[in-house]
Structure formats: structure tokens, C-alpha cells
Amino acid sequence: WVRNNQVFAIAEVGNTIVVGGSFTQVQNPTGGATLTRNYLFAFNEATGQVSTTFVPTLNGVVNGLAPAADGTSVYVGGSFTIVNGTAQRGVTKLDVATGQRDASFVARTNATVNDVVLNNGRLYLGGFFTTVNNVGRQYLAGVDALSGALLAGPNSTIGVPFAGTTRVAKIDVDPAGNRLVAIGGFTVVDGLGRSQIAQWDLSGSDASLSSWATSSF
């Protein structure tokens with residue numbers, strides 16, 4: 001049971017379910033003491049029992065989760081700036097058994113990450129950020145899934161906010177890894193009208209904005 005606030009993301013890693021959000025307290029389904037779990041916890045898929053070994057320390061809300069290809073780790077995106085006592089803003093990779101941070105994954109953003117999606121060895125990020133690894137990327141980026149090194153694309157100019165602050169709220173990639181779709185608070189991408197939704201072509205050597213567009217969203 002999540003005892004306070006909200007759940008924003010859920011990921012399945014083996015027989016473990018990882019949950020992220022704005023909560024700070026959880027409880028086992030059988031009752032008992034309220035457990036402190038700041039923004040992230042895990043439980044056994046079969047029993048529902050909260051993990052006592054996956055207790056990472058984050059100082060901000062978790063918005064997005066994606067299971068890693070190794071079957072033992074999870075990518076975490078959010079508003080945090082510190083992970084287990086180490087500065088790492090926006091995105092991190094954690095071992096689901098131990099909660100330990102993967103120090104070889106070095107990706108960092110300068111602001112909140114709203115969503116993370118893994119596909120074909122690439123981790124895609126969407127959010128409020130404007131830099132990744134100190135290189136300019138407006139609200140959408142891709143990094144190497146193992147090292148966190150910034151990829152050449154997507155690298156688009158996203159702007160002209162819709163209903164507030166410019167941002168990418170959610171992203172997804174088709175199973176073949178050829179197309180990425182993003183939704184959020186924007187109306188223009190690379191100088192072209194894209195009202196709250198846009199698609200990128202990932203099939204080439206670089207990610208490029210697709211001609212696909214709609215005025216109905």
C-alpha cells in the first residue's frame with residue numbers, strides 16, 4: 001500500500017515490481033508498520049511484500065521508470081539531484097536487488113526528467129531539461145543505455161509553449177525502434193507546427209523529425 005501522495009510510474013524487473021512517485025510511506029499488504037520509502041520502492045510480484053534491500057535514497061520525485069536489458073536493473077527519471085549520496089540529476093540506473101547506483105551510467109540533466117524509454121541499447125529521455133551531460137538538448141534526448149553518453153539525436157528545437165511551460169511530458173518508441181512519439185507542452189518543433197505531439201524517425205543513423213503531424217490533438 002502507498003500510504004501518502006501519488007504513484008507516477010511502475011516497472012517490472014524479473015519478479016520484482018518497482019514503483020515511483022511522490023510518496024514517502026508504504027506498507028505491506030499484510031499490514032504492520034508503515035515503512036519509509038522516499039519516492040521509490042519495490043515489492044515481490046507474487047507476495048506483494050515490500051523489498052527490504054531495495055531502499056535507494058533519492059531527494060526528489062520519481063516520474064518515469066524503465067527496466068534495463070540486464071534484467072536486474074531499472075532506469076529512473078525524475079526531479080531528484082542526489083542518488084545514494086552522490087550528485088546525479090534527473091536520471092539514474094539502480095540495481096533492483098540492492099538499490100545501488102550504477103556508477104558507470106553517467107547521464108545527467110539540468111532539470112526534471114518526466115519519462116524514460118529503453119529501446120535497442122538507447123535510453124530516451126523527455127522532460128523539462130535543456131542540457132544533458134552539459135550539452136544542449138531541448139526537452140528530448142537519447143543516451144547510451146550502458147554508459148549514459150549522449151547520442152547525436154534526437155536533437156530538435158522544441159518550443160512555443162502550450163498551456164504553461166514548454167516540456168515533453170511522455171514519450172514512447174515502437175517495438176522495432178523506428179519511431180519515437182512525444183507529447184507535451186509545445187506547439188513548434190524545428191520551426192514546424194507540432195501541437196502537443198510530434199514524431200521522430202529513428203531508422204537512420206540520426207533521429208530526425210518526421211513529416212507526420214496532426215491538428216486534431
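How much accessible surface does the protein have, and what share of that surface belongs to carbon and sulfur atoms? Turn on the surface display and you are looking at about 9,500 Å², of which 51% belongs to carbon and sulfur atoms. Keep in mind as you click around that this is a predicted model.

**Stop 1: the whole thing**

Switch to a cartoon view. You'll find 22 strands and 0 helices. Now show just the C-alpha trace and rotate it: along its principal axes, the trace spans about 55 × 35 × 30 Å. The radius of gyration is 17 Å, and this agrees with a compact globule, because such a globule of 217 residues would have a value near 17 Å.

Try colouring by burial next. Of the 217 residues, 46% count as buried. If your viewer can draw contacts, look at those between residues at least 6 apart in sequence: 35% of them join residues at least 24 apart.

**Stop 2: the charges**

Select the charged side chains. There are 12 positive and 12 negative ones. Mark the centre of each set, and you'll see the two centres lie 9 Å apart.

**Stop 3: strand β12 and its partners**

Select residues 122-127, which make up strand β12. Is this strand mostly covered or mostly uncovered? Mostly covered: 5 of its 6 residues are buried.

Add residues 113-119 to the selection. That's strand β11, which pairs with β12 in the antiparallel sense over 6 bridges. Zoom in on L118 and you can pick out its bridge partner in β12, L123. The two strands form a hairpin, with 2 residues between them. Click on N120 in that turn: its phi is positive, at about 50°.

Now bring in residues 140-144, strand β15. This strand also pairs with β12 in the antiparallel sense, over 5 bridges. Which residue of β15 is the bridge partner of R122? Select D144 and you have found the partner.

While the side chains are showing, here's something to look for: in a regular strand, they alternate between the two faces of the sheet.

**Stop 4: strands β7 and β10**

Clear the selection and pick residues 91-95, strand β10. This one is mostly covered, with 4 of its 5 residues buried. Then add residues 73-78, strand β7, which pairs with β10 in the antiparallel sense over 5 bridges. To finish, show Y75 as sticks and look across to β10, where K93 stands opposite.

Note on methods
Residues are numbered from 1 along each chain as its sequence is written. This is a predicted model: local features need pLDDT of at least 70, side-chain atom pairs count only at pLDDT 80 or more; totals for chains, interfaces and linings use all residues. Side-chain values use heavy atoms; hydrogens and water are left out. The radius of gyration is taken over C-alpha atoms; the globule rule is 2.2 Å times the number of residues to the power 0.38. Buried means under 20% relative accessible area, exposed over 50%, partly exposed in between (1.4 Å probe, protein chains only). Contact means heavy atoms within 4.5 Å. Accessible areas come from the Shrake-Rupley method with a 1.4 Å probe; for residues, only the protein chains shown count as cover. Lys and Arg count as positive and Asp and Glu as negative; His and the chain ends are not counted. The place of a charge is taken as NZ of Lys, CZ of Arg, CG of Asp or CD of Glu. Two strands pair if DSSP finds at least two bridges between them.
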